[in-house]
Amino acid sequence: MPELPEVETTRAGLAPHLTGRRVAGVTLRRPDLRWPIPAAVAAHLPGARIDAVRRRAKYLLLDTEAGSALLHLGMSGMLRVLPPDTPVGPHDHVDIALDSGRLLRFTDPRRFGCLLWQPIGEVHPLLRRLGPEPLEAAFDGDYLFARSRGRAAPVKTFLMDQAIVVGVGNIYAAESLFRAGIAPLRPAGRVSRERYRALAGAVKTVLAHAIARGGTTLRDFLNADGAPGYFEQELFVYGRGGQRCKACGTALREAAIGQRASVWCPRCQR
DNA sequence: AAGGTAACCTGCGTGC
DNA sequence: TGCACGCAGGTTACCT
(Lines give C-alpha, C1' and ligand atoms only; values in the text may rest on other atoms or scores of the structure.)
Protein backbone atom coordinates (compact mmCIF):
# COMPACT_ATOMS: atom_id res chain seq x y z
CA MET A 1 0.00 0.00 0.00
CA PRO A 2 2.35 2.77 1.02
CA GLU A 3 4.65 4.79 -1.15
CA LEU A 4 5.17 8.47 -0.45
CA PRO A 5 1.68 9.61 -1.56
CA GLU A 6 -0.02 7.08 0.70
CA VAL A 7 2.14 8.03 3.66
CA GLU A 8 1.57 11.74 3.05
CA THR A 9 -2.17 11.14 2.76
CA THR A 10 -2.07 9.24 6.02
CA ARG A 11 -0.14 12.08 7.67
CA ALA A 12 -2.62 14.69 6.50
CA GLY A 13 -5.55 12.56 7.60
CA LEU A 14 -4.14 11.88 11.05
CA ALA A 15 -2.85 15.35 11.88
CA PRO A 16 -6.21 16.96 12.78
CA HIS A 17 -7.00 14.11 15.18
CA LEU A 18 -3.58 13.95 16.84
CA THR A 19 -2.14 17.45 16.94
CA GLY A 20 -2.43 18.95 20.42
CA ARG A 21 -3.78 15.72 21.92
CA ARG A 22 -2.21 13.93 24.85
CA VAL A 23 -1.52 10.22 24.83
CA ALA A 24 -3.71 8.50 27.41
CA GLY A 25 -2.05 5.11 27.07
CA VAL A 26 -0.15 2.75 24.82
CA THR A 27 -1.04 -0.89 24.17
CA LEU A 28 1.65 -3.06 22.58
CA ARG A 29 0.21 -6.44 21.62
CA ARG A 30 3.56 -7.81 20.55
CA PRO A 31 7.12 -6.79 21.49
CA ASP A 32 8.32 -6.29 17.95
CA LEU A 33 7.34 -5.52 14.38
CA ARG A 34 10.25 -5.47 11.99
CA TRP A 35 12.43 -4.56 14.97
CA PRO A 36 11.79 -4.65 18.71
CA ILE A 37 9.70 -1.72 19.89
CA PRO A 38 12.10 0.19 22.16
CA ALA A 39 11.20 0.66 25.82
CA ALA A 40 11.38 4.42 25.25
CA VAL A 41 8.04 4.29 23.43
CA ALA A 42 6.14 2.99 26.46
CA ALA A 43 8.27 5.14 28.76
CA HIS A 44 7.81 8.50 27.04
CA LEU A 45 4.59 8.39 25.04
CA PRO A 46 1.93 8.04 27.78
CA GLY A 47 1.08 11.49 29.06
CA ALA A 48 2.99 13.23 26.30
CA ARG A 49 1.34 15.84 24.10
CA ILE A 50 1.59 15.33 20.33
CA ASP A 51 2.78 18.68 19.00
CA ALA A 52 2.99 17.77 15.31
CA VAL A 53 2.61 14.92 12.86
CA ARG A 54 5.43 15.01 10.33
CA ARG A 55 6.63 12.91 7.44
CA ARG A 56 10.21 12.24 6.35
CA ALA A 57 10.52 9.91 3.37
CA LYS A 58 8.05 7.11 4.13
CA TYR A 59 8.40 7.56 7.89
CA LEU A 60 5.80 9.31 10.05
CA LEU A 61 6.93 11.18 13.15
CA LEU A 62 4.71 11.99 16.12
CA ASP A 63 6.54 14.85 17.81
CA THR A 64 6.41 15.30 21.58
CA GLU A 65 8.57 17.32 23.94
CA ALA A 66 10.55 14.20 24.88
CA GLY A 67 11.11 12.99 21.36
CA SER A 68 9.30 11.52 18.39
CA ALA A 69 7.57 8.22 17.79
CA LEU A 70 8.83 6.99 14.43
CA LEU A 71 6.45 4.87 12.36
CA HIS A 72 6.97 3.08 9.06
CA LEU A 73 4.13 1.24 7.33
CA GLY A 74 6.31 -1.25 5.45
CA MET A 75 4.39 -3.05 2.73
CA SER A 76 1.09 -3.65 4.47
CA GLY A 77 0.86 -1.18 7.34
CA MET A 78 -2.13 1.03 8.08
CA LEU A 79 -2.88 3.73 10.65
CA ARG A 80 -6.42 4.65 11.59
CA VAL A 81 -8.20 6.75 14.20
CA LEU A 82 -11.00 4.67 15.68
CA PRO A 83 -13.58 4.65 18.49
CA PRO A 84 -12.15 3.12 21.68
CA ASP A 85 -14.41 0.07 21.62
CA THR A 86 -13.39 -1.08 18.14
CA PRO A 87 -12.84 -4.88 18.12
CA VAL A 88 -9.21 -5.93 17.91
CA GLY A 89 -8.14 -7.94 14.86
CA PRO A 90 -5.24 -10.37 14.58
CA HIS A 91 -2.85 -7.80 13.06
CA ASP A 92 -3.75 -4.82 15.24
CA HIS A 93 -0.35 -4.60 16.90
CA VAL A 94 -0.35 -1.18 18.57
CA ASP A 95 -3.01 1.13 20.00
CA ILE A 96 -2.21 4.66 21.10
CA ALA A 97 -5.13 5.96 23.15
CA LEU A 98 -5.76 9.71 22.94
CA ASP A 99 -7.28 12.10 25.46
CA SER A 100 -10.01 12.76 22.89
CA GLY A 101 -11.31 9.29 23.70
CA ARG A 102 -10.27 7.93 20.35
CA LEU A 103 -7.62 5.43 19.40
CA LEU A 104 -4.73 5.55 16.94
CA ARG A 105 -4.38 1.95 15.74
CA PHE A 106 -1.42 0.48 13.86
CA THR A 107 -2.36 -2.57 11.78
CA ASP A 108 0.25 -4.47 9.77
CA PRO A 109 -0.26 -8.09 8.61
CA ARG A 110 3.22 -8.60 7.21
CA ARG A 111 5.00 -6.73 10.00
CA PHE A 112 7.53 -5.10 7.71
CA GLY A 113 6.63 -1.84 9.41
CA CYS A 114 8.17 -0.48 12.59
CA LEU A 115 7.58 1.68 15.64
CA LEU A 116 10.77 3.30 16.94
CA TRP A 117 11.80 6.23 19.09
CA GLN A 118 13.84 9.30 18.24
CA PRO A 119 15.00 11.23 21.33
CA ILE A 120 14.67 14.99 21.24
CA GLY A 121 17.52 16.67 19.41
CA GLU A 122 18.63 13.47 17.69
CA VAL A 123 18.12 12.10 14.20
CA HIS A 124 17.39 8.39 14.17
CA PRO A 125 20.08 6.35 12.33
CA LEU A 126 17.48 5.15 9.82
CA LEU A 127 16.83 8.76 8.77
CA ARG A 128 20.46 9.81 8.46
CA ARG A 129 21.29 8.39 5.08
CA LEU A 130 18.13 9.47 3.27
CA GLY A 131 18.24 11.53 0.09
CA PRO A 132 16.22 14.70 -0.54
CA GLU A 133 12.44 14.86 -0.60
CA PRO A 134 11.28 14.57 -4.21
CA LEU A 135 8.85 17.48 -3.97
CA GLU A 136 11.43 19.92 -2.65
CA ALA A 137 13.60 22.17 -4.78
CA ALA A 138 16.87 20.37 -3.93
CA PHE A 139 15.63 17.47 -6.01
CA ASP A 140 15.99 18.24 -9.71
CA GLY A 141 17.50 16.92 -12.93
CA ASP A 142 20.92 18.38 -12.26
CA TYR A 143 21.03 16.63 -8.89
CA LEU A 144 20.11 13.27 -10.43
CA PHE A 145 22.66 13.75 -13.19
CA ALA A 146 25.43 14.50 -10.71
CA ARG A 147 24.62 11.57 -8.43
CA SER A 148 24.34 9.09 -11.29
CA ARG A 149 27.75 9.58 -12.92
CA GLY A 150 29.68 6.34 -13.03
CA ARG A 151 26.73 4.23 -11.94
CA ALA A 152 26.15 1.04 -13.88
CA ALA A 153 22.97 -0.04 -12.07
CA PRO A 154 19.67 0.29 -13.95
CA VAL A 155 18.15 3.77 -13.73
CA LYS A 156 15.02 2.28 -12.13
CA THR A 157 17.08 0.79 -9.29
CA PHE A 158 18.91 4.11 -8.94
CA LEU A 159 15.62 6.02 -8.72
CA MET A 160 14.29 3.68 -6.01
CA ASP A 161 17.43 4.06 -3.88
CA GLN A 162 16.29 6.04 -0.80
CA ALA A 163 19.79 7.46 -0.43
CA ILE A 164 19.34 9.13 -3.84
CA VAL A 165 15.77 10.35 -3.45
CA VAL A 166 13.14 9.23 -0.93
CA GLY A 167 9.58 8.13 -1.44
CA VAL A 168 9.78 6.67 -4.94
CA GLY A 169 8.70 3.02 -4.77
CA ASN A 170 8.03 0.43 -7.41
CA ILE A 171 4.81 1.93 -8.76
CA TYR A 172 5.94 5.51 -9.10
CA ALA A 173 9.39 4.61 -10.38
CA ALA A 174 7.78 2.70 -13.24
CA GLU A 175 5.29 5.47 -13.99
CA SER A 176 7.84 8.27 -13.79
CA LEU A 177 10.23 6.49 -16.16
CA PHE A 178 7.40 5.97 -18.63
CA ARG A 179 6.47 9.64 -18.54
CA ALA A 180 10.08 10.65 -18.99
CA GLY A 181 10.54 8.19 -21.88
CA ILE A 182 13.49 6.42 -20.26
CA ALA A 183 13.97 2.64 -20.45
CA PRO A 184 14.23 1.28 -16.87
CA LEU A 185 17.18 -1.01 -17.64
CA ARG A 186 19.36 1.79 -18.99
CA PRO A 187 22.43 2.25 -16.79
CA ALA A 188 21.92 5.28 -14.55
CA GLY A 189 25.28 6.69 -15.61
CA ARG A 190 24.26 6.72 -19.25
CA VAL A 191 21.22 8.99 -18.98
CA SER A 192 21.78 12.56 -20.14
CA ARG A 193 21.31 15.67 -18.03
CA GLU A 194 18.41 16.73 -20.24
CA ARG A 195 16.62 13.42 -19.74
CA TYR A 196 17.22 13.55 -15.99
CA ARG A 197 15.50 16.92 -16.00
CA ALA A 198 12.51 15.27 -17.62
CA LEU A 199 12.67 12.45 -15.07
CA ALA A 200 12.80 14.76 -12.05
CA GLY A 201 9.83 16.65 -13.46
CA ALA A 202 7.93 13.41 -14.03
CA VAL A 203 8.58 12.24 -10.46
CA LYS A 204 7.25 15.51 -9.06
CA THR A 205 4.20 15.48 -11.31
CA VAL A 206 3.28 11.86 -10.64
CA LEU A 207 3.73 12.11 -6.86
CA ALA A 208 1.89 15.41 -6.53
CA HIS A 209 -0.98 14.08 -8.59
CA ALA A 210 -1.19 10.87 -6.56
CA ILE A 211 -1.19 12.86 -3.32
CA ALA A 212 -4.02 15.00 -4.62
CA ARG A 213 -6.04 11.92 -5.51
CA GLY A 214 -5.21 10.13 -2.27
CA GLY A 215 -6.41 13.14 -0.39
CA THR A 216 -9.87 12.76 -1.81
CA THR A 217 -10.11 8.97 -1.41
CA LEU A 218 -8.69 8.57 2.08
CA ARG A 219 -10.15 11.70 3.64
CA ASP A 220 -12.08 10.11 6.47
CA PHE A 221 -9.70 8.55 8.98
CA LEU A 222 -12.50 8.10 11.50
CA ASN A 223 -13.85 5.18 9.54
CA ALA A 224 -12.07 2.04 8.46
CA ASP A 225 -12.02 3.25 4.88
CA GLY A 226 -8.36 2.72 4.09
CA ALA A 227 -8.98 1.29 0.65
CA PRO A 228 -6.24 2.14 -1.81
CA GLY A 229 -6.48 1.70 -5.59
CA TYR A 230 -7.25 5.35 -6.25
CA PHE A 231 -4.46 5.66 -8.77
CA GLU A 232 -5.18 2.46 -10.64
CA GLN A 233 -7.10 3.97 -13.53
CA GLU A 234 -4.21 6.26 -14.32
CA LEU A 235 -1.35 3.79 -14.40
CA PHE A 236 0.40 3.59 -17.76
CA VAL A 237 2.73 0.67 -17.11
CA TYR A 238 2.73 -0.61 -13.52
CA GLY A 239 0.88 -3.91 -13.30
CA ARG A 240 0.10 -3.88 -17.02
CA GLY A 241 2.57 -6.51 -18.21
CA GLY A 242 1.43 -8.21 -21.41
CA GLN A 243 -1.03 -5.43 -22.23
CA ARG A 244 -0.62 -2.72 -24.83
CA CYS A 245 0.92 0.70 -24.31
CA LYS A 246 -1.81 3.28 -23.81
CA ALA A 247 0.21 5.76 -25.84
CA CYS A 248 1.40 3.78 -28.87
CA GLY A 249 -0.22 0.33 -28.73
CA THR A 250 3.05 -1.60 -28.56
CA ALA A 251 3.05 -4.68 -26.31
CA LEU A 252 4.53 -3.71 -22.96
CA ARG A 253 7.64 -5.57 -21.82
CA GLU A 254 8.02 -7.14 -18.42
CA ALA A 255 11.08 -8.20 -16.44
CA ALA A 256 12.44 -8.26 -12.91
CA ILE A 257 14.83 -5.38 -12.27
CA GLY A 258 16.59 -5.48 -8.93
CA GLN A 259 14.15 -8.23 -7.89
CA ARG A 260 11.17 -5.95 -8.47
CA ALA A 261 8.54 -6.51 -11.13
CA SER A 262 9.00 -3.95 -13.88
CA VAL A 263 6.94 -3.07 -16.92
CA TRP A 264 7.80 -0.64 -19.70
CA CYS A 265 7.09 0.26 -23.30
CA PRO A 266 10.02 -0.65 -25.56
CA ARG A 267 8.95 1.99 -28.08
CA CYS A 268 8.12 4.97 -25.84
CA GLN A 269 11.00 4.31 -23.46
CA ARG A 270 14.61 4.35 -24.61
C1' DA B 1 31.98 1.94 -3.18
C1' DA B 2 28.78 -0.22 -5.74
C1' DG B 3 26.00 -3.98 -6.90
C1' DG B 4 23.65 -8.35 -6.26
C1' DT B 5 21.04 -11.55 -3.21
C1' DA B 6 18.60 -13.26 0.74
C1' DA B 7 15.76 -12.26 4.39
C1' DC B 8 11.92 -10.53 7.22
C1' DC B 9 6.05 -12.05 7.12
C1' DT B 10 1.12 -12.88 5.85
C1' DG B 11 -2.59 -12.97 2.46
C1' DC B 12 -4.35 -13.60 -1.96
C1' DG B 13 -4.92 -15.21 -6.66
C1' DT B 14 -3.89 -18.93 -9.88
C1' DG B 15 -3.46 -23.36 -11.67
C1' DC B 16 -3.43 -28.21 -11.13
C1' DT C 1 -12.52 -28.16 -2.53
C1' DG C 2 -7.68 -28.41 -1.42
C1' DC C 3 -3.13 -27.44 -1.87
C1' DA C 4 1.30 -25.78 -3.67
C1' DC C 5 3.23 -21.97 -5.60
C1' DG C 6 4.27 -17.34 -6.85
C1' DC C 7 3.72 -12.77 -5.95
C1' DA C 8 2.79 -8.24 -3.41
C1' DG C 9 3.14 -0.91 -2.95
C1' DG C 10 9.73 -1.81 1.53
C1' DT C 11 14.05 -1.96 3.52
C1' DT C 12 18.27 -3.75 5.73
C1' DA C 13 22.07 -6.98 6.19
C1' DC C 14 25.51 -9.31 4.19
C1' DC C 15 28.58 -10.89 0.73
C1' DT C 16 31.44 -10.16 -3.34
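**Close-up 1. Lys58 and a phosphate of DNA strand C.** In this predicted model, a phosphate oxygen of DNA strand C is 2.7 Å from an N or O atom in the side chain of Lys58. That pair fits the rule for a polar contact: two N or O atoms within 3.5 Å, where pairs within protein also need one atom able to donate a hydrogen and the other to accept it, and residues adjacent in sequence count only if both atoms are side-chain atoms. Tyr238 also reaches the backbone of the DNA, with an N or O atom of its side chain 2.8 Å from a phosphate oxygen of DNA strand C. Asn170 uses a polar backbone atom instead, 3.2 Å from a phosphate oxygen of DNA strand C.

**Close-up 2. The protein surface around DNA strand C.** Here 21 residues surround DNA strand C, and Arg34, Lys58, His72, Tyr238 and Ala261 come nearest. A residue counts as near a strand if one of its heavy atoms lies within 4 Å of it. Of the atoms of DNA strand C that come within 4 Å of the protein, 57% are sugar and phosphate. Helix 6 (170–180) and strand 10 (260–264) each give at least two residues to this surface; helices (H or I, at least four residues) and strands (E, at least two) are DSSP runs numbered from the N terminus. By residue type, the surface near DNA strand C divides into 10 nonpolar, 5 polar and 6 charged. In this scheme Ala, Val, Leu, Ile, Met, Phe, Trp, Tyr, Cys and Pro are nonpolar, Asp, Glu, Lys and Arg are charged, and the others, Gly among them, are polar.

**Close-up 3. The residues around DNA strand B.** Look here for His91, Pro109, Arg110, Arg111, Phe112, Arg151, Ala152, Ala153 and Gln259. They divide into 4 nonpolar, 2 polar and 3 charged. A polar backbone atom of Ala152 is 2.6 Å from a phosphate oxygen of DNA strand B, and an N or O atom in the side chain of Arg151 is 3.5 Å from a phosphate oxygen of that strand. Gln259 turns to a base: a polar atom of its side chain lies 3.3 Å from a base nitrogen of DNA strand B. Sugar or phosphate holds 56% of the atoms of DNA strand B within 4 Å of the protein, and bases hold the rest.

**Close-up 4. Where domain 1 meets domain 2.** Chain A is divided into domain 1 (4–128) and domain 2 (141–264), with bounds from an automatic or database domain assignment. Between them, 18 residues of domain 1 are in contact with 16 residues of domain 2, contact meaning heavy atoms within 4.5 Å. The two domains bury about 1400 Å², 70% of it on carbon and sulfur atoms; buried area is the accessible area (1.4 Å probe) lost when two parts are put together, summed over both. Leu4, Pro5 and Thr9 supply 33% of the area that domain 1 buries against domain 2, more than any other three residues.

**Notes.** Residues are numbered from 1 along each chain as its sequence is written, and chains are lettered from A and ligands numbered from 1 in the order written. Local features need pLDDT of at least 70 and side-chain atom pairs pLDDT 80 or more, while totals for chains, interfaces and linings use all residues; side-chain values use heavy atoms, leaving out hydrogens and water.
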